[in-house]
Amino acid sequence: MTRPKVFIEKIMPVKLLNEQVYYEHGGNPFKGLHRWYSRKPLSFSRATVLASILPYDITTEQFLYIMGIYGQDDVNFWEKSILSEDEKDLLRNNKQVRLYKCPPNHQQISKMEELCQSIWGTTKPSILDAFAGGGSIPFEALRYGLNVFASDLNPVAVITMKAAMEYPLKFGKSLQKEIDQWVNFVGNEAQKRLTDFFPNNDNETVQNYLWAHTVTCPNCQSVIPLSPNWWVDRSPGAIKKGQICAVKPIPNVLEKRVDFELIKGSKGKGNTIKTETEEFDPNNYTTIGRGVGKCCNCAKIIEDDYIKKEAQTKGLGHQLYAVAFKQGKGSLEFRLPNEIDLEGVNKAEQFLQDNLEKYNLDQLIPDIEIISGEKTKELIRIGIEKWSQLFNSRQLLTLVTYVEIINDAKLKILAEYELEKAQAIITYLALVLDRCVDKNARLTIWDASAIKVNRATTQHSL
């Protein structure tokens, strides 16, 4: 039997689809589940699915109507084989439609089914994506009620697709309530167990701790924090309020270390902060760039080879240089670290050390050697030879605590629900844990323009 010709063999409205991709800007609903670098835009995925099953002889306008780009419920639209110029302009300029947010409506699905019946002999042809990866193609096919078969060689992709499509379809909206219940259980229990390691000053709640890696200067033996910039907050809100801020490294030659001063003020010329006494440019105080460091105390260059050798033999140190906190329901504020903050870090280090043997026996510490590969060799070059070394002591203790609580929760969940639903809830807990790992690691970056932590995987460095 000869396969009938389909729309994708004739034309694809690339310009309109590119506009939809521009609107999408990473708004794909899978984004919150797990990082997947090669995930395809939903708009192009929808177009690919429909263009592969719809007849060759439909018009571009009719194709766009089924896709939902036209965005109108005009019952006479389909009969208009030729659109007027005004209607075409409306089609091109309808900026309200965002395909990734908009599932097709009943009329669009009905028209698709009618055409599929005429060409395939069924209203719901089957879609196979053997290497589905991020899952965008099967997701869009499901939105049109098609029969979908999806697989992948990567287990992360399979788990993500199950969480995004299979479980919600199988268990419905009630699943969300149960996921929230167990996420809250894990979070509340973790807060109880970890409170001593994250102390707060009166009337404040710490949100983030800002750290810099350190290296010992080969010339003066000072411990030097390494950072390509010292910006803390240059968000639009801070600019508007005249409260942008950064930290200024202060040499402490006597103690062979670097201290900090918090500089806050309005936006000055270029990249400067304007205060009552000066215009401070944080870019003049960078201590590393293109792998080459600079000592704040003796002003000598610290070569890239030395930094890497130091990292491989002794390991890079780390220094806390700023703390982000809130007072009540107020906005995010910043201060320098104090004794209470350092006390919490020291407690965590000691507790982890005291319980290290137990954690290793329970296989809770990822104390596994990193195999050198195209990306992982970069970790080895900076002295990170085991996965556990991607975290400082308090980060590692926090993640181990989450795993302990999730393991306890798994037993309760398996006892309370039938097996498949229990597996679904446990899967979502694992995905939430992955997000915690991604946000609590030495490879994360502080984004001063958005005053948030950028996940380790946003760097595409692993």
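A residue counts as exposed when its relative accessible area is over 50% and as buried when that area is under 20%. The legends below refer to a predicted model.

**Figure 1. Asn203, an exposed residue in the loop between α8 and β3.** The loop between α8 and β3 holds Asn203. With a relative accessible area of 66%, Asn203 passes the 50% cut-off and is therefore exposed. The phi angle of Asn203 is positive, at about 65°, although the residue is not a glycine. A second non-glycine residue with a positive phi of about 65° is Ala299. Ala299 sits in the loop that joins β11 (292-294) to β12 (301-302).

**Figure 2. Asn208 in strand β3.** Strand β3 covers residues 205-216 and includes Asn208. The relative accessible area of Asn208 is 18%, under the 20% limit, so Asn208 is buried. Beyond its neighbours within four places in sequence, Asn208 contacts Ala322, Val323 and Ala324. Trp446 and Val453 are also in contact with Asn208.

**Figure 3. Tyr321 in strand β13.** Strand β13 runs over residues 317-326 and contains Tyr321. Tyr321 has a relative accessible area of 7% and is therefore buried. Leaving aside neighbours within four places in sequence, the contacts of Tyr321 include Leu210, Trp211 and Ala212. Trp230, Val247, Phe260, Leu336 and Pro337 also touch Tyr321. Between Tyr321 and Pro225 the sequence separation is 96 residues, and their C-alpha atoms are 8.9 Å apart.

**Figure 4. The largest nonpolar core and a second core.** The largest nonpolar core is made of 50 residues, and Ile413 and Tyr428 have the most contacts inside it. Helices α7 (155-171), α8 (174-194), α11 (339-354), α14 (393-416) and α15 (419-439) each contribute at least two residues to this core. Helix α15 gives the largest share, nine residues. Not counting neighbours within four places in sequence, Ile413 contacts Trp182, Ala422, Ile425, Ile426 and Leu429. Another core, of 33 residues, lies apart from the largest one. Among the residues of that other core are Cys220, Ala246, Ile263 and Phe280.

**Figure 5. Helix α5 and the helices packed against it.** Helix α5 comprises the 15 residues 106-120. At 1.5 Å a residue α5 should span 21 Å, and its end C-alpha atoms are 20 Å apart, so the two values agree. The buried residues of α5 are Gln108, Ile109, Lys111, Met112, Glu113, Leu115, Cys116 and Ile119. In an α-helix there are 3.6 residues a turn, so residues three or four places apart point the same way. The buried residues of α5 pack against α2 (42-53), α3 (60-67) and α6 (136-143).

**Figure 6. Helix α6 and its cover.** Six of the eight residues of α6 are buried, and the helix is mostly covered. These buried residues are Ser136, Pro138, Phe139, Glu140, Ala141 and Arg143. Their cover includes the helices α2, α5 and α7. Strands β1 (126-129) and β2 (147-150) are also part of this cover. Gly145, just after α6, adopts a positive phi of about 75°.

**Figure 7. Pro55 in the loop between α2 and α3.** Pro55 belongs to the loop linking α2 and α3. The relative accessible area of Pro55 is 8%, which means that Pro55 is buried. Residues up to four places away in sequence aside, Pro55 touches Lys5, Val6 and Phe7. Pro55 also touches Leu115 and Ile119, both listed among the buried residues of α5. Ala348 is 293 residues from Pro55 in sequence and 64 Å from it in space, C-alpha to C-alpha.

**Figure 8. The protein chain as context for the close-ups.** The chain contains 15 helices and 16 strands. Its C-alpha trace spans about 85 × 60 × 45 Å along the principal axes. Of its 462 residues, 43% count as buried. The accessible surface of the chain is about 24900 Å², and carbon and sulfur atoms account for 52% of it. Among contacts with a separation of 6 or more, 62% join residues 24 or more positions apart. The chain carries 58 positive and 57 negative charges, whose mean positions are 3 Å apart.

Definitions and conventions. Residues numbered from 1 in each chain as written. Predicted model: local features only at pLDDT ≥ 70, side-chain atom pairs only at ≥ 80, totals over all residues. Heavy atoms only, no water. Helix = DSSP H or I, 4+ residues; strand = E, 2+ residues; numbered from the N terminus. Buried < 20%, exposed > 50% of the residue type's maximum accessible area, 1.4 Å probe, protein only. Contact = heavy atoms within 4.5 Å. Areas by Shrake-Rupley, 256 points an atom, 1.4 Å probe, with all protein chains shown as cover. Lys, Arg positive; Asp, Glu negative; His and termini not counted. Charge placed at Lys NZ, Arg CZ, Asp CG, Glu CD. Core = buried A, V, L, I, M, F, W, Y, C linked by side-chain atoms within 4.5 Å. Expected span 1.5 Å × (residues − 1).
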